[in-house]
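This briefing looks at how one pair of helices packs together, and then at the buried side of one helix and the setting of a single histidine.

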Amino acid sequence: FIFLMAEKFSKIFIFGDSLTQQSFSPGGWGARVADHFQRRADVLNRGFSGYNSDWAKAILPRLLASREQADVITVLLGSNDAVKEGEYQHVPLDRYSQNLRDILEYIASLGIPIVLLTPPPVCDRRLCEQANVSWPLNRENEKTSLYANAALTVGMEKTVDTIDLYSAMVKEPEYHKYLSDGLHFNAAGGQFLAELVIPKLELHLCKQKIVFPDWEDAARLLNVSY
C-alpha cells in the first residue's frame, strides 16, 4: 500500500440545525465522518440548534462565501420547520421548499458539491415521555413526512445527491431506537446516519489521499536525515 502526499486537507462542511450541531457529540454522525476521513479531510460543523430554513438561508452567505471554504457540503434542515402551525419555528411547506431551493442554488453557484438529507422521522410517543407531558406536543411524524417528501422532491429537481433519511429510518420497525428523545439522534442513530452519508462523501473525496506519508515511510519520503 503506497501513501501519497496530498497538497491539502479537503474540507467537509456540514450545515443544518441541532441534528448537525449535536453531531460532534460522542457517537454522533459528524464525529464518525471526521473519524472516517482522518488525515484526509477536516469536518467543519455549522449546525445551529433550533434553526429553521428561513434563518438558515439568512446566515448561509455569512458562513460560506467561496469554493475554497468547502469541497463538499451536507444540508440537513426541516425538522424545526415542521413543528405545528402557530409555533415560533414553523415554516409553511411551500416556503420551506423554496428556501431549500434557494440554499441549494446558492451553494451550487459557488461550485460546491452538495449532499442533501431529508429530515428524519420523529417519535411522537417518545417526545411526550421525554417532556413528561400528555399529547399533543408540537411535532407530529405525519407532518414531518411531508417536509421529508418536499426535501426529496427539491433534491431531485436540483439534481443533487440526496439521502432519503426519513424513508431509510421508517423502514426499521423500531426506528425510535435511533433517537435519544424522539427527535435527536443517539449513538446508534449517529452510526445509522454516518453509514448513509459517508459513501456519498467518498464519491466527492475519493481522490483525496492521506496527507503526508505514513510514519514508516516518513523519513524516506520527507528526506529527513539524522
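In this predicted model, helix H2 and helix H8 cross with a right-handed sense. The axes of H2 (residues 29-36) and H8 (residues 187-205) lie 8 Å apart and make an angle of about 45 degrees, and because an angle that is neither under 35 degrees nor within 65 to 115 degrees nor over 145 degrees counts as oblique, H2 is oblique to H8.

**The contact between H2 and H8**
- On the H2 side, the contact is made by Trp29, Arg32, Val33 and His36.
- On the H8 side, the contributing residues are Ala187, Gly190, Gln191, Leu193, Ala194, Val197, Ile198, Leu201 and Glu202.
- Sorted by character, the residues of this contact comprise 8 nonpolar, 3 polar and 2 charged ones.

**The buried face of H2**
- Trp29, Gly30 and Val33 are the buried residues of H2, and when the helix is viewed down its axis they fall within an arc of 100 degrees, so they line one face of H2.
- These buried residues pack against strand S1 (10-16), helix H1 (18-21), strand S2 (41-47), strand S3 (72-76) and H8.

**Histidine 184**
- Histidine 184 is placed in the loop between helix H7 (165-170) and H8.
- The relative accessibility of histidine 184 is 13%, and because buried means under 20%, histidine 184 counts as buried.
- When neighbours within four places in sequence are left aside, histidine 184 is in contact with Ser18, Leu19, Gln22, Tyr178 and Leu179.

Notes: Residues are numbered from 1 along each chain as its sequence is written. This is a predicted model: local features need pLDDT of at least 70, side-chain atom pairs count only at pLDDT 80 or more; totals for chains, interfaces and linings use all residues. Side-chain values use heavy atoms; hydrogens and water are left out. Axes are lines fitted to C-alpha atoms, for helices over the stretch in contact, and angles run from 0 to 180 degrees between N-to-C directions. Helices (H or I, at least four residues) and strands (E, at least two) are DSSP runs, numbered from the N terminus. A crossing is left-handed if the near helix is turned anticlockwise from the far one by less than a right angle, and right-handed if clockwise. Contact means heavy atoms within 4.5 Å. Ala, Val, Leu, Ile, Met, Phe, Trp, Tyr, Cys and Pro count as nonpolar, Asp, Glu, Lys and Arg as charged, and the others, Gly among them, as polar. Buried means under 20% relative accessible area, exposed over 50%, partly exposed in between (1.4 Å probe, protein chains only). The arc is that of the directions from the helix axis to the C-beta atoms.
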